[in-house]
Amino acid sequence: MALLLIEDDVLLARSLETLLLTHDEQLKVITRGDHACDHLATPGQFDLIVLDLNLPHRSGLEVLTTLRQHDVQTPVLILTARASIEDRVAGLDLGADDYLTKPFSLDEFEARVRALLRRARPTAPDTIRLGQLALHVSTQRLELKGTALALPTREQRLLACLLRRSEQIISRAELMADTFGDDETPGDNALEVYVHRLRRRLDGSDLRIRTVRGMGYRLEQH
């Protein structure tokens, strides 16, 4: 995760830098408000921005305003000695996501950083789709043309594996492991049998399982 720390207190910046780097985060430190604005024209550079309000040359609120003109997504944690309700409201109204007043404990700082980073991370989609086929990840339910596709366990595993990596060539070994698991010893032609069955089930749809000679199989639209 890439973090930007905008803080003019050198000792505090060093402490926070040491703390964040122990978690293998990528961190850039800036100590002036005008320099910070120069780094914020391109959205999406950072996963989190930690911003002090009392900065030289441009205030933290000015930096936040500049950021939100270009980037409404990147979470911002304000650090400041200003504890008044008016200051908190001003920062949150300008687009800050959280507010921490100085002095603060490092444990609380870490907890707030973790919470904001969790929110910033994209979540995996619950439904994977290719053409007329869909897999609902949480339930492992397959649908074809909007209708539930009830399959025997091995066919279910095989088709789900192909769909999760659709349009990619998946080796025979990988498909065997996903379909049969480590505890089974299938026959030499077992995978081909299940692929044949799935091809029949997909007949009439916009999908096909293609054999890539010497490499494996690929689920693709046609």
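In the predicted model, the largest nonpolar core comprises 27 residues, and among these Leu 133 and Leu 219 touch the most other members. Two or more residues are contributed to this core by each of strand S7 (133-136), S8, helix H6 (153-164), helix H7 (172-180), helix H8 (190-202), strand S10 (207-212) and strand S11 (216-221). Such an arrangement may be set beside the general tendency of nonpolar side chains in soluble globular proteins to be buried together. When neighbours within four places in sequence are left aside, the contacts of Leu 133 are Ile 128, Leu 142, Glu 143, Leu 144, Leu 149, Leu 159, Leu 163, Leu 207 and Leu 219. Another core, of 20 residues, lies apart from the one just described, and its members include Leu 4, Ile 30, Ile 49 and Ile 78.

Glu 143, one of the residues in contact with Leu 133, belongs to strand S8 (residues 141-144). Because its relative accessibility is 15%, and the cut-off for burial is under 20%, Glu 143 counts as buried. The side chain of Glu 143 is joined to that of Arg 141 by a polar contact of 3.0 Å. With residues up to four places away in sequence not counted, Glu 143 touches Gln 132, Leu 133, Ala 134, His 136, Ala 148 and Leu 149.

Helix H7, one of the elements that give two or more residues to the largest core, has Leu 175, Met 176, Thr 179 and Phe 180 as buried residues. These buried residues fall within an arc of 100 degrees when H7 is seen down its axis, and they therefore line one face of the helix. The general geometry of an α-helix is relevant here, since with 3.6 residues a turn, residues three or four places apart point the same way. The cover over the buried residues of H7 includes H6, H8 and S11. Just after H7, Gly 181 adopts a positive phi of about 75 degrees.

A one-sided pattern of burial is also found in helix H1 (residues 10-21), where Leu 12, Ala 13, Leu 16, Leu 19 and Leu 20 are buried. These residues cover an arc of only 130 degrees around the axis, which means that they lie on the same side of H1. On the other side of H1, by contrast, Leu 11, Arg 14 and Thr 18 are exposed. The 12 residues of H1 reach 16 Å from the first C-alpha to the last, close to the 16 Å expected at 1.5 Å a residue. At the N-terminal end, H1 is capped by Asp 9, of which a side-chain oxygen lies 3.1 Å from the backbone nitrogen of Leu 11.

Methods. Residues numbered from 1 in each chain as written. Predicted model: local features only at pLDDT ≥ 70, side-chain atom pairs only at ≥ 80, totals over all residues. Heavy atoms only, no water. Helix = DSSP H or I, 4+ residues; strand = E, 2+ residues; numbered from the N terminus. Expected span 1.5 Å × (residues − 1). Buried < 20%, exposed > 50% of the residue type's maximum accessible area, 1.4 Å probe, protein only. Arc of directions from axis to C-beta. Polar contact = N/O pair within 3.5 Å; in protein donor to acceptor, adjacent residues only side chain to side chain. Contact = heavy atoms within 4.5 Å. Core = buried A, V, L, I, M, F, W, Y, C linked by side-chain atoms within 4.5 Å.
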